[in-house]
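Please open the model in your viewer and keep the sequence panel beside it. The stops below say what to select next and what is found there.

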Amino acid sequence: MRKKQADPAGENGVSIDGEAVLLDRVAAEEKDAFEALYRLYRPRLQRFLSGVIKQPASVGEILDDTMMVVWRKAYTFNHRSKVSTWIFAIAYRQSLKALRRLGEPEVFETSEGSDVSMPGPDDALQHQELRKHLDDALGTLSPEQRAVIELTYYFGYACSEIAAIMACPVDTVKTRMFYARRKLKASLASRREAI
Amino acid sequence: MNGRIIKFEGSVHAEADRLLPWYINGTLEEDERVQLEQHLAECAQCQREAAWLRMLQEDFAEQAQQDDASPQRRHPRHHAATRSGARPAGLTRKRRERWLAWLAAMQAVAILALGVIMFRAQHAPYRTLSAPGGKGALLVVAFDPRTTEAQMRELMRSDDARIVGGPTESGVYILRVADEREAATRKALLASPQVRLVEELGSGANP
């Protein structure tokens, strides 16, 4: 019996240094390097932007805007951060710009009445609920809070790296995560009550 | 003195709580991690929170797998942490639950496999009659239960396949594809997130 397995061919073996070299070549306006970088980052950016803006129809446009900035500004990359941090920072700024254009509010740093008692985690049902309702619950967060959640859990960034991407202090990242967690739990709890 | 201690303990808890998400994703600095683990060992509230955050992380990790986000596409430390990361003591029960869930999942796969075998046994005459006629290869396919009819139709269209049997009680279908398209179709089906299993029906009879 053949079982479905993750496709190992999907792995992209470009090292951090390799990415920096690629970006240097983009700075020298080498189009094939830009195409390689685009191919490398498109899946990641699609996921990140989808998570932040929650408007699938706009993701492609923001992704293109992001990569256009990468093309134009590659020469400003100073090698003090990782290429991924630099590109994600551009994508984040572009997503906020797009949200402004679309008339979306940007920042909700308060708990907004979501300070409910936390459900216990040791209920087997809770994981099922989380899986089922996570996407809806993420929709109740602000774009900034979603960005922190995505960057932490999907992309596995450290708090300081997220601060660099979002151009804010580390404490702000912690605060956004703090309220994001509260809101997620409140949202999941309210969905459970509604069932 | 007492007041100062209470205040200190309070701030340690608050700071530990705020750092928990990055403890779970394995990106804390060593000194932060050691401090947090010391607090975690004696704080039931943080243990519960860590367990909840671990579930959240696991859900995102599953999404990443479904998205074919390879370790290289993600943050290298994230992968290392997921593989080896120190786990809070309070998580042992959750891990056991997940182990049981894994066992249940494997059982489900076994039941599905049994369904495929039974299906093959039931449909063996059809295969032997049709295969030599060059009408195409037969594939046994199990779709994800959440797959909609429209998604299934789209898969059939894009893979140039036709459902010629099923579903069985275990949700298994039999598909016919042109002989020359068989390998490509099987590969495409395997790559689809809606497909859980693909089995060549002819392979059992003609090893």
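How many aromatic pairs does the count come to over all chains? In this predicted model, with rings paired when their centres lie within 6.5 Å, the count comes to ten over all chains.

**First stop: the ring cluster in chain A**

Select Phe48(A), Phe88(A), Tyr154(A), Phe155(A) and Tyr157(A), which ring pairs link into a cluster. Within this selection, turn to Phe48(A) and Phe155(A), whose ring centres are 6.2 Å apart and whose planes stand at 75°, so that the pair counts as edge-to-face. Because Phe48(A) belongs to helix α2 (residues 31-53) of chain A, whereas Phe155(A) sits in the loop between α6 and α7 (159-166) of chain A, this pair ties together parts that are 107 residues apart in sequence. Both Phe48(A) and Phe155(A) are buried.

Keep Phe155(A) selected and add Phe88(A): the centres of these two rings are 4.9 Å apart and their planes lie at 65°, so this pair, too, is edge-to-face. Here the loop between α6 and α7 of chain A, which holds Phe155(A), is linked to helix α4 of chain A, which holds Phe88(A), and the two residues are 67 residues apart. Phe88(A) and Phe155(A) are both buried.

**Second stop: helices α4 and α6 of chain A**

From Phe88(A), extend the selection to the whole of helix α4 (residues 83-101) of chain A and add helix α6 (residues 143-154) of chain A, whose axis comes within 11 Å of that of α4(A) and crosses it at roughly 155°. As angles over 145 degrees count as roughly antiparallel, α4(A) and α6(A) are therefore roughly antiparallel to each other. The crossing in which α4(A) passes α6(A) is right-handed.

To see the contact itself, show the side chains of Phe88(A), Tyr92(A), Leu96(A) and Leu99(A) on α4(A), together with those of Pro143(A), Glu144(A), Ala147(A) and Leu151(A) on α6(A). Sorted by class, the residues of this contact are seven nonpolar, no polar and one charged.

**Third stop: chain B as a whole**

Now select chain B, which contains eight helices and four strands, and follow its elements from the N terminus on in the order α-α-α-α-α-β-α-β-β-α-β-α. Of the 207 residues in chain B, buried residues make up 41%. Among the contacts in chain B with a separation of 6 or more, 67% are accounted for by residues 24 or more positions apart.

Technical notes:
Residues are numbered from 1 along each chain as its sequence is written. Chains are lettered from A and ligands numbered from 1 in the order in which they are written. This is a predicted model: local features need pLDDT of at least 70, side-chain atom pairs count only at pLDDT 80 or more; totals for chains, interfaces and linings use all residues. Side-chain values use heavy atoms; hydrogens and water are left out. Axes are lines fitted to C-alpha atoms, for helices over the stretch in contact, and angles run from 0 to 180 degrees between N-to-C directions. Angles under 35 degrees count as roughly parallel, over 145 as roughly antiparallel, 65 to 115 as roughly perpendicular and the rest as oblique. A crossing is left-handed if the near helix is turned anticlockwise from the far one by less than a right angle, and right-handed if clockwise. Contact means heavy atoms within 4.5 Å. Ala, Val, Leu, Ile, Met, Phe, Trp, Tyr, Cys and Pro count as nonpolar, Asp, Glu, Lys and Arg as charged, and the others, Gly among them, as polar. Rings of Phe, Tyr and Trp (its six-membered ring) pair if their centres lie within 6.5 Å; planes under 30 degrees apart count as stacked, over 60 as edge-to-face and the rest as tilted. Buried means under 20% relative accessible area, exposed over 50%, partly exposed in between (1.4 Å probe, protein chains only).
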